[in-house]
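Student: Hey, could we go through this one together? I'd like to start with charges and rings, if that's okay.

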Amino acid sequence: MKRKTDELSASDTENEIGKSKPFHKEKDGTMELKKSKEETVEDGVLRPVKLSRKELYKPPDADELNQLREAESLFHCNLLKMQMEELLKEVVLSEQRKCMVDSFIQKVTKLLQTVPRSPQMELNDLSWLSSEVKVPFLLFPKAAKGKFHMEPPASVSVVGSYPLGTCIKPKVSVDLAVIMPPSVLQPKDALNQRYPRKRALYLAGLAQHLLSSPDIGPLRYSCLHGNRLRPLLLVTPPGADSNSLTLRLHVCPSPGFFKPSRFHPLRNNVRTYWYTGLEAPKADTKDPPTPHYNSSVLGDLLPKAHLQFLSAVSAKCAAFTDAAALLKVWLRQRELDQGVGSLCGFVGSMLVAYLLSTHRVGNTMTAYQLLRNSLHFLATTDLTKNGITLAKDADSTAPTLSEFHDSFQVVFVDPSGHLNLCADMTANTYKQVQHEAALSLQFWDDPTLDGFQSLLMTPKPFLRTYDHVFQLCELVKLQSSCKKLKLLGELMDRSGDYVLTVLPVILSLLQHGLGKRVHLLTHALCPEPEWSVVTEPPKHKDMGALSFALLLNPELSASVLERGPPADSPEAVEFRQLWGPRAELRRFQDGAITEAVLWGGSSACQKRLVPREIITHLLQLHADIPESCLRYRGGFLDDVVRIECKVAQIDSTGDEESLRIVQSYDDLSRKLWQLEGLPLSITSVQAAHPALRYTQVFPPVPHKLKYSFFGREKVTGALLPLEDKPCPVYIPPLKVICHMEGSGKWPLEKLAIRHIKAAFHVRLGEQLRKCHGFTCSPTPTHLDVYKDGYVFRIQVAYHREPQILRQTIGPDGMLCYRDNDEAQALELETVHRPYLTSTLHGLQQQHPAFGVTCRLAKRWLAAQLFSGEVSEDAADLLVASLFLQPAPYTAPGSPLVGFLRFLHLLSSFDWKTCPLVVNLNSQLTVSDYAEIKNDFIASRETLPVMFIATPKDKKLSLWTKEGPSVPMLQRLTVVAAESLRILETQLKDCSQGQDGRVALRPPLDVYDVLIHLSPKHVPLLDQAVDVPHATFSRGTVPGAVPSAGGALPVIDFNPVTQYVTQLRDAFGHLALFFCDPYGGTVIAVLWKPQAFASQPFKTSQMSARRVEVHGELAQSVPNVEAILEDFRVMGKGLVTKVEPRTENWVV
């Protein structure tokens, strides 16, 4: 699978090739010989130079040895190193692009120097500003002291990543520091938002001046990392180049205008009396500190100093710029580099600089070593507890690290010693960064993974990364949260941004309440707002919704009991304060009496939503956030596979039903092992059905049958369906493979073996009926056993039978072995499928979300009419790959996120050039992966389009031999991508009433004929995506089902599947037939491309065809009218209408 972050233009590529030099002269002159014989470049093509034998076999020098050693120690192969080098070439700016950037910067700089002067006016008087241009600042409170006037900037300079060389594509942003003249500012402007307001007014004046220039494209405002106190002016070129470059204008005071000590995090610069409008406080009243406000102002004083510091570090370390660029790519793929409190590219560069300046890494290290060490540092260093500083000789007025920790959750101090670079970052965001870094190192060290793809090439969207996602809507209600939590000081510090004021408190509250139920609690970084210069700035409530995410601990997340401390302990008071009225005293089986909270939930799907109940309760109790503001998406698609169990009186997603089936099977297995009186002993009993590995879409539920609804078979008394009744309840057979021991008594002829197996079926049925009272029905191919309301279909197997089926007698009379379809099918049924079932059963024990994820995936495949193309076994393996090789994610912890990744896998995997390797039970080694890849490449033309390799099936892909075909796989990819887009759009939408079933409704307009079925004879009608209102009796009554005895029910009777099978047998050469087996009432027909091709007339090939005579030439063509009539005749009683979509085809 190949992805690129951006494309180099042809001219860029030629420039890079023309400037590339394969060898460089060293100081000691050791490379002179190589340079004299370097390759020549003609027409952009490298021409190799012929080397002498001495030069060809010359031992590698020190540099070459270092490169080889680096490749061996740092990378699984040289390919990873080359991939990173190519990535750097792709993301850095070409010389042509730099020239375009420099030219635009000069134009803008000249325009800024011609800003007209304006008379000095009161700060609140905006009469000098055009009515079209708005001020990018929320004026609250409205009153503010001070004077203001416009005049040209003192200087304009380029700062940030562009002059440093770490600016990367595709989104190129260049920062310009526009220095306000000292005459505009006053020494006391740091107080009460005077400086931020003057800064915003100056920015509006610049926008008014640039708005009239034809050399400037659309102008927009934004905020630096979402900080409303630091608005920016976004300037783009006109015309087609407007999307390729953005200049970000930062208005700053002249360096040294304000004393840094004035912005100590423990000092106050926003007075309470001014902000609240109340009377001035008494002399002994102390205002709360405003650390975030202080850091916002202080940040405008230091951009040039930061650039000088990073430039000095870069001059000492040649790989610094490449390492910073790679770290930026890593952050961008994880959505960590933009938004409020992000680990932006600037902070990432400062982090690399910190490692170099503190000698944790060496200046001679490569970019790859620096990246790896940066990730290791992030993964192992907790900046929420042990902050770091770049200041070596900070002045005496600089705060200490402990003072920074008192004011901020994450501490990383800049070289001045006064500014915390992570002032706006929450502890939860940093924990997310740590988690991602540790995960990346884990994948980097795994030789079976494509580390480059996982680390740097695969985006990790928020919705597909975490198990549960929820949103807080109607953000205006967070104002009442500030009031209840008494956050006036923090609200002043955030200049009235109640969203960012409440956010850390909510995170701390939920982290405390969820505890060990989650591995990680984080939040999506609030996006940086952008708006036109002619519109008012958006209010805080307009920023959308706050999105939170949980990475669940599957062992504890679904627990309904929160056990607290003993009732007489000091911690009990805190526990009762946290949980409020939900806390109660409970006595446990060990005799202890403790505080506890009991949450609701009787089924597995309800228990999976216990975190929702906890979050809802805590937000309502402590923050006055009502449940109506919460959009919890954890169980968004549960209704799609929900089963209404009338026996247990609970609704579930199949977990409990699957468990009861497995328990019944285990009991049957024990009884089979204990049977006596058999000619040969049983060597193994193996499950071979999806329901016995927890992946059946709708696991069968026991039904008490109403015998008067059925007819009776005369000899056995088995129930039969009646023609005048609706189709009876569908009871599927659950296949069980019973292997008998090897013995010389087994015959060596295949027909005789089948007779022996039939005899075993009869004997097993007799013994089970005699010993346990089960109703049994033996046939030559299997034995049906009715137990606990389920039908188990036991199939006797002999381990040498596949080998005997492969025996043939050659022309010379010699015995030889040749593979054939019959032997492969038998081996698949008796060997491979039981192994797969037992393996996936074990996977379900490790990952509780696996089974429901499989059900969702297969329900989607069936609803989109692909179940005939992708088998159940193949679908289960596709889902298993998401749990066994989840890189770059962790294994899915909820069915929803597993399903989203399943759709992404289908829509993005490169089936043409890559095999999908599913390492069941971790049996495959590194050499096995290489072997699978090599065999796949060598035999690609003969292998299935969708190739899935497992430890027992490395070369053939047994599960996808029958499908899908190339056209169907292409359509599957398109439909999966569209379904994923629809679902993610709905999950991001805060409105009520989202319908996840939209992603399961198939587009029927692409099909040529639609065959409509009578709901009366569709036995699984209640499993349809959209269940019709009409209901039919299926021959069941309420009540418990006895464990043994009773008449044998109607088994595996589904008129729909039988009708589709007959259609495929009769007309499969002309059309493809599609149907949703789970309650679908429409069969879609698609004519094959060659269906209407005329053929020479032959009496032996006139099935469904008619003769057309043109002169002396007789041709046969399909008789469409007769075919459509045959559809009706074959489905008499089942088919209600055949609808030809003639707008799609013409005979």
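Tutor: Sure. A charge sits over a ring if NZ of Lys or CZ of Arg is within 6 Å of the ring centre and within 35 degrees of the ring normal. Keep in mind that this is a predicted model.

Student: Okay, so which residue lies over the face of Phe588?

Tutor: That's Arg563, at 4.1 Å from the ring centre of Phe588. Another case is Arg712, which lies over the face of Tyr707 at 4.9 Å from the ring centre.

Student: Let's switch to sheets. What's the order of strands in the open sheet of three?

Tutor: The order is E16-E18-E17, and the pairing is antiparallel. Strand E16 (561-566) and strand E17 (584-587) are at the edges; each has a single partner strand, so one side of each has no neighbour in the sheet. From one strand to the next, the twist averages 45°.

Student: How many bridges join E17 to E18?

Tutor: Four, with E18 covering residues 593-598. As one example of who faces whom, Arg587 stands opposite Ile593 in E18.

Student: And what lies across E16 and E18?

Tutor: Helix H22, residues 571-579. The helix runs at about 145° to E16.

Student: Does UniProt have anything on domains? Which residues does it list for "domain: Nrap protein"?

Tutor: The UniProt entry, an unreviewed one, lists 174-314, 319-458, 463-623, 647-845, 847-995 and 1004-1138 under that name.

Student: What's the chain made of over residues 463-623?

Tutor: There the chain is 38% helix and 23% strand, with the end C-alpha atoms 26 Å apart. Over residues 319-458 you get 52% helix and 3% strand, and the end C-alpha atoms are 24 Å apart.

Student: New topic: E29. Is strand E29 buried or exposed?

Tutor: Eight of the eight residues of E29 (residues 790-797) are buried, so the strand is largely enclosed by the rest of the structure.

Student: Which residues point which way from E29?

Tutor: Tyr790, Phe792, Ile794 and Val796 point one way, while Val791, Arg793, Gln795 and Ala797 point the other way. That fits a general pattern: in a regular strand, side chains alternate between the two faces of the sheet.

Student: What does E29 pair with?

Tutor: Strand E26 (residues 733-740) is one partner, running parallel to E29 and joined to it by seven bridges. Ile737 has Gln795 as its bridge partner in E29. Strand E28 (residues 783-787) pairs with E29 too, in the antiparallel sense over five bridges, and there Leu783 has Ile794 as its bridge partner.

Student: What's between E28 and E29 in that hairpin?

Tutor: Two residues. In this hairpin Asp788 takes a positive phi near 55°.

Student: Last thing, ring pairs. How many aromatic pairs are in the whole structure?

Tutor: A search finds 28. Tyr790 and Phe792 make an edge-to-face one, 6.4 Å centre to centre with 70° between the planes. Tyr790 has 4% relative accessibility and Phe792 has 0%, so both count as buried, the cut-off being under 20%.

Student: Any others?

Tutor: Phe1073 and Phe1127 are also edge-to-face, at 5.8 Å centre to centre and 80° between the planes. Phe1073 lies in strand E36 (residues 1071-1075) and Phe1127 in helix H35 (residues 1120-1130), so the pair ties together parts 54 residues apart in sequence. Both of these Phe residues, Phe1073 and Phe1127, are buried.

Student: And which residues do ring pairs link into a cluster?

Tutor: Tyr195, Phe257, Phe258 and Phe263.

Notes:
Residues numbered from 1 in each chain as written. Heavy atoms only, no water. Pairing = 2+ DSSP bridges. Axes fitted to C-alpha atoms, helices over the stretch in contact; angles between N-to-C directions. Contact = heavy atoms within 4.5 Å. UniProt positions renumbered as here; feature names shortened; annotations may be inferred. Phe/Tyr/Trp six-rings, centres within 6.5 Å; stacked < 30°, edge-to-face > 60°. Buried < 20%, exposed > 50% of the residue type's maximum accessible area, 1.4 Å probe, protein only.
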